[in-house]
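Ready for a few warm-up exercises? Have a look at the structure, try each task yourself, and then read through the solution.

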Amino acid sequence: MKTNLITLGGYEKLQQELEHLWRVERRETVEKVSWAASLGDRSENADYKYNKQKLRKIDGRIRYLTKRLEQVKVVYYSPQQDGKVFFGAWVEIEDEDENIRAFQIVGPDEIYDRKDAVSIDSPMARALLKKQVDDEAEVNTPQGTKTWFINKISYQQPA
(Lines give C-alpha, C1' and ligand atoms only; values in the text may rest on other atoms or scores of the structure.)
Protein backbone atom coordinates (compact mmCIF):
# COMPACT_ATOMS: atom_id res chain seq x y z
CA MET A 1 0.00 0.00 0.00
CA LYS A 2 1.28 3.46 -0.88
CA THR A 3 1.91 6.01 1.82
CA ASN A 4 0.07 9.25 1.10
CA LEU A 5 2.94 11.47 2.22
CA ILE A 6 4.76 13.86 -0.07
CA THR A 7 7.36 16.61 0.33
CA LEU A 8 6.46 20.17 -0.63
CA GLY A 9 8.84 19.95 -3.61
CA GLY A 10 7.22 16.72 -4.78
CA TYR A 11 3.74 18.21 -4.47
CA GLU A 12 4.74 21.26 -6.50
CA LYS A 13 6.29 19.02 -9.17
CA LEU A 14 3.07 17.00 -9.53
CA GLN A 15 1.06 20.23 -9.72
CA GLN A 16 3.36 21.54 -12.46
CA GLU A 17 3.00 18.29 -14.41
CA LEU A 18 -0.79 18.49 -14.14
CA GLU A 19 -0.77 22.12 -15.25
CA HIS A 20 1.50 21.35 -18.22
CA LEU A 21 -0.59 18.36 -19.31
CA TRP A 22 -3.83 20.34 -19.06
CA ARG A 23 -2.71 23.64 -20.59
CA VAL A 24 -0.08 22.53 -23.14
CA GLU A 25 -0.02 18.81 -24.00
CA ARG A 26 -3.77 18.27 -24.06
CA ARG A 27 -4.49 21.45 -26.01
CA GLU A 28 -1.89 20.62 -28.69
CA THR A 29 -3.09 17.02 -28.98
CA VAL A 30 -6.75 18.07 -29.30
CA GLU A 31 -5.75 20.41 -32.15
CA LYS A 32 -3.90 17.56 -33.89
CA VAL A 33 -6.87 15.21 -33.48
CA SER A 34 -9.21 17.84 -34.92
CA TRP A 35 -6.89 18.49 -37.85
CA ALA A 36 -6.48 14.77 -38.57
CA ALA A 37 -10.26 14.21 -38.31
CA SER A 38 -10.85 16.98 -40.85
CA LEU A 39 -8.86 15.02 -43.44
CA GLY A 40 -11.65 12.50 -43.83
CA ASP A 41 -11.48 8.71 -43.47
CA ARG A 42 -10.43 8.15 -39.85
CA SER A 43 -10.12 4.37 -40.14
CA GLU A 44 -6.88 4.63 -42.14
CA ASN A 45 -5.61 7.90 -40.70
CA ALA A 46 -2.46 7.19 -38.66
CA ASP A 47 -2.24 10.76 -37.32
CA TYR A 48 -5.80 10.55 -36.03
CA LYS A 49 -5.31 7.15 -34.39
CA TYR A 50 -1.99 8.05 -32.80
CA ASN A 51 -3.13 11.39 -31.41
CA LYS A 52 -6.45 9.98 -30.22
CA GLN A 53 -4.52 7.31 -28.29
CA LYS A 54 -2.12 9.96 -26.94
CA LEU A 55 -5.10 12.06 -25.83
CA ARG A 56 -6.52 9.10 -23.88
CA LYS A 57 -3.17 8.65 -22.10
CA ILE A 58 -2.98 12.36 -21.27
CA ASP A 59 -6.55 12.35 -19.95
CA GLY A 60 -5.80 9.28 -17.85
CA ARG A 61 -2.73 10.91 -16.32
CA ILE A 62 -4.70 14.12 -15.66
CA ARG A 63 -7.40 12.13 -13.84
CA TYR A 64 -4.76 10.26 -11.81
CA LEU A 65 -2.86 13.43 -10.83
CA THR A 66 -6.05 15.30 -9.92
CA LYS A 67 -7.16 12.47 -7.66
CA ARG A 68 -3.70 11.87 -6.21
CA LEU A 69 -3.11 15.54 -5.36
CA GLU A 70 -6.32 15.45 -3.30
CA GLN A 71 -5.16 12.32 -1.42
CA VAL A 72 -1.58 13.20 -0.50
CA LYS A 73 -0.53 15.00 2.65
CA VAL A 74 2.35 17.46 2.39
CA VAL A 75 4.89 16.95 5.18
CA TYR A 76 6.68 20.16 6.13
CA TYR A 77 10.07 20.36 7.79
CA SER A 78 10.10 20.94 11.55
CA PRO A 79 13.21 21.98 13.53
CA GLN A 80 12.38 19.20 16.02
CA GLN A 81 13.44 16.69 13.35
CA ASP A 82 17.07 17.84 13.33
CA GLY A 83 19.55 15.12 14.19
CA LYS A 84 17.21 12.22 13.40
CA VAL A 85 16.01 10.57 10.20
CA PHE A 86 12.41 11.35 9.33
CA PHE A 87 10.40 11.85 6.15
CA GLY A 88 12.10 14.36 3.82
CA ALA A 89 15.59 13.84 5.27
CA TRP A 90 18.71 13.74 3.11
CA VAL A 91 20.77 10.84 4.43
CA GLU A 92 24.30 9.65 3.71
CA ILE A 93 24.97 6.04 4.67
CA GLU A 94 27.94 3.71 4.42
CA ASP A 95 28.25 -0.08 4.57
CA GLU A 96 31.07 -2.29 5.91
CA ASP A 97 32.79 -2.20 2.49
CA GLU A 98 32.87 1.63 2.59
CA ASN A 99 30.25 1.95 -0.16
CA ILE A 100 28.55 5.30 0.32
CA ARG A 101 25.00 6.15 -0.73
CA ALA A 102 23.19 9.46 -0.36
CA PHE A 103 19.48 10.00 -0.92
CA GLN A 104 16.33 11.71 0.28
CA ILE A 105 13.48 9.80 1.93
CA VAL A 106 10.34 10.79 0.03
CA GLY A 107 6.85 9.63 -0.84
CA PRO A 108 6.23 6.95 -3.48
CA ASP A 109 5.07 9.57 -6.01
CA GLU A 110 8.47 11.29 -5.93
CA ILE A 111 10.94 8.48 -6.68
CA TYR A 112 10.45 8.32 -10.44
CA ASP A 113 13.17 9.87 -12.61
CA ARG A 114 15.37 10.30 -9.53
CA LYS A 115 18.47 8.37 -8.54
CA ASP A 116 18.78 10.27 -5.25
CA ALA A 117 15.47 9.25 -3.67
CA VAL A 118 14.14 6.32 -1.66
CA SER A 119 10.47 5.74 -0.93
CA ILE A 120 9.33 5.96 2.67
CA ASP A 121 7.69 2.56 2.04
CA SER A 122 11.02 0.86 1.24
CA PRO A 123 12.82 -1.42 3.71
CA MET A 124 15.82 0.95 3.62
CA ALA A 125 13.80 3.99 4.70
CA ARG A 126 11.91 2.02 7.35
CA ALA A 127 15.21 0.81 8.84
CA LEU A 128 16.62 4.34 8.97
CA LEU A 129 13.64 6.12 10.55
CA LYS A 130 14.34 7.75 13.94
CA LYS A 131 18.06 6.87 13.75
CA GLN A 132 20.85 9.40 14.39
CA VAL A 133 24.34 10.00 13.00
CA ASP A 134 26.68 7.08 13.84
CA ASP A 135 23.74 4.70 14.41
CA GLU A 136 23.58 1.38 12.61
CA ALA A 137 20.58 0.33 10.55
CA GLU A 138 20.00 -3.27 9.56
CA VAL A 139 18.15 -3.68 6.29
CA ASN A 140 16.63 -6.97 5.19
CA THR A 141 17.39 -7.61 1.52
CA PRO A 142 16.84 -10.63 -0.73
CA GLN A 143 20.56 -11.42 -0.26
CA GLY A 144 20.25 -11.26 3.53
CA THR A 145 20.58 -8.63 6.23
CA LYS A 146 22.91 -5.73 5.45
CA THR A 147 24.21 -3.20 7.96
CA TRP A 148 24.50 0.51 7.10
CA PHE A 149 26.06 3.27 9.19
CA ILE A 150 24.58 6.76 9.13
CA ASN A 151 27.18 9.41 8.27
CA LYS A 152 25.05 12.53 7.72
CA ILE A 153 21.48 13.72 8.14
CA SER A 154 20.22 16.97 6.67
CA TYR A 155 16.89 18.50 5.78
CA GLN A 156 18.41 20.66 3.06
CA GLN A 157 19.54 19.28 -0.27
CA PRO A 158 23.34 18.84 -0.25
CA ALA A 159 25.30 21.06 -2.62
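**Exercise 1. Find out how confident the predictor is in this model, overall and element by element.**

Start with the whole protein: this is a predicted model, and its mean pLDDT is 92. Next, check how many residues reach 70 or more: 99% of them do. Then go down to the elements, where β4 has the highest mean pLDDT, 95. At the other end sits β6, whose mean of 90 is the lowest among the elements.

**Exercise 2. Work out which residues and elements build the largest nonpolar core.**

First, get the count: the largest nonpolar core has 19 residues. Now pick out the ones with the most contacts inside this core, namely Val85, Val91, Ile93, Phe103, Met124 and Leu128. Then see where the core residues come from: the strands β3 (90-95), β4 (100-106), β6 (136-141) and β7 (144-154) each supply at least two, and so does the helix α3 (123-128). Of these, α3 provides the largest share, with 4 residues.

Zoom in on Phe103 as a last step. Which residues is phenylalanine 103 in contact with, leaving aside its neighbours within four places in sequence? Go through them in order along the chain: Ala89, Trp90, Val91 and Ile93, then Asp116, Ala117 and Val118, and finally Met124 and Leu128.

There is also another core, lying apart from the largest one. This second set has 10 residues, including Ile6, Leu14, Ile58 and Leu69.

**Exercise 3. Describe the largest pocket and its lining.**

Begin with the volume, which is about 570 Å³ for the largest pocket. The lining comes next: 27 residues, with Thr7, Gly9, Gly10, Glu110 and Arg114 the closest to the pocket's centre. Sort the lining by class and you get 12 nonpolar, 7 polar and 8 charged residues. Now ask which elements take part: β1 (5-7), α1 (8-38) and α2 (46-71) each supply at least two lining residues. The biggest contributor is α1, which gives 6.

**Exercise 4. Is glutamate 17 buried, exposed or partly exposed, and which residues does it touch?**

Locate the residue first: glutamate 17 is found in helix α1. Then look at its relative accessible area, which is 30%. Buried would need under 20% and exposed over 50%, so glutamate 17 counts as partly exposed.

For the second part, skip residues up to four places away in sequence, and you're left with Arg61 and Leu65 as the residues that glutamate 17 touches. To finish, try a distance: isoleucine 62 is 45 residues away from glutamate 17 along the chain, yet their C-alpha atoms are separated by 8.8 Å.

Notes
Residues are numbered from 1 along each chain as its sequence is written. This is a predicted model: local features need pLDDT of at least 70, side-chain atom pairs count only at pLDDT 80 or more; totals for chains, interfaces and linings use all residues. Side-chain values use heavy atoms; hydrogens and water are left out. A nonpolar core is a set of buried Ala, Val, Leu, Ile, Met, Phe, Trp, Tyr and Cys residues joined through side-chain atoms within 4.5 Å. Buried means under 20% relative accessible area, exposed over 50%, partly exposed in between (1.4 Å probe, protein chains only). Contact means heavy atoms within 4.5 Å. pLDDT is the predictor's confidence in each residue, from 0 to 100. On a 1 Å grid over the protein atoms alone, a cavity is a set of points where a 1.4 Å probe fits but cannot get out, and a pocket is an open set with protein on both sides within 12 Å along at least five of seven lines; lining residues have an atom within 4 Å of a point. Grid points are joined across faces, edges and corners, and a volume is the space filled by probe spheres set on the points. Ala, Val, Leu, Ile, Met, Phe, Trp, Tyr, Cys and Pro count as nonpolar, Asp, Glu, Lys and Arg as charged, and the others, Gly among them, as polar.
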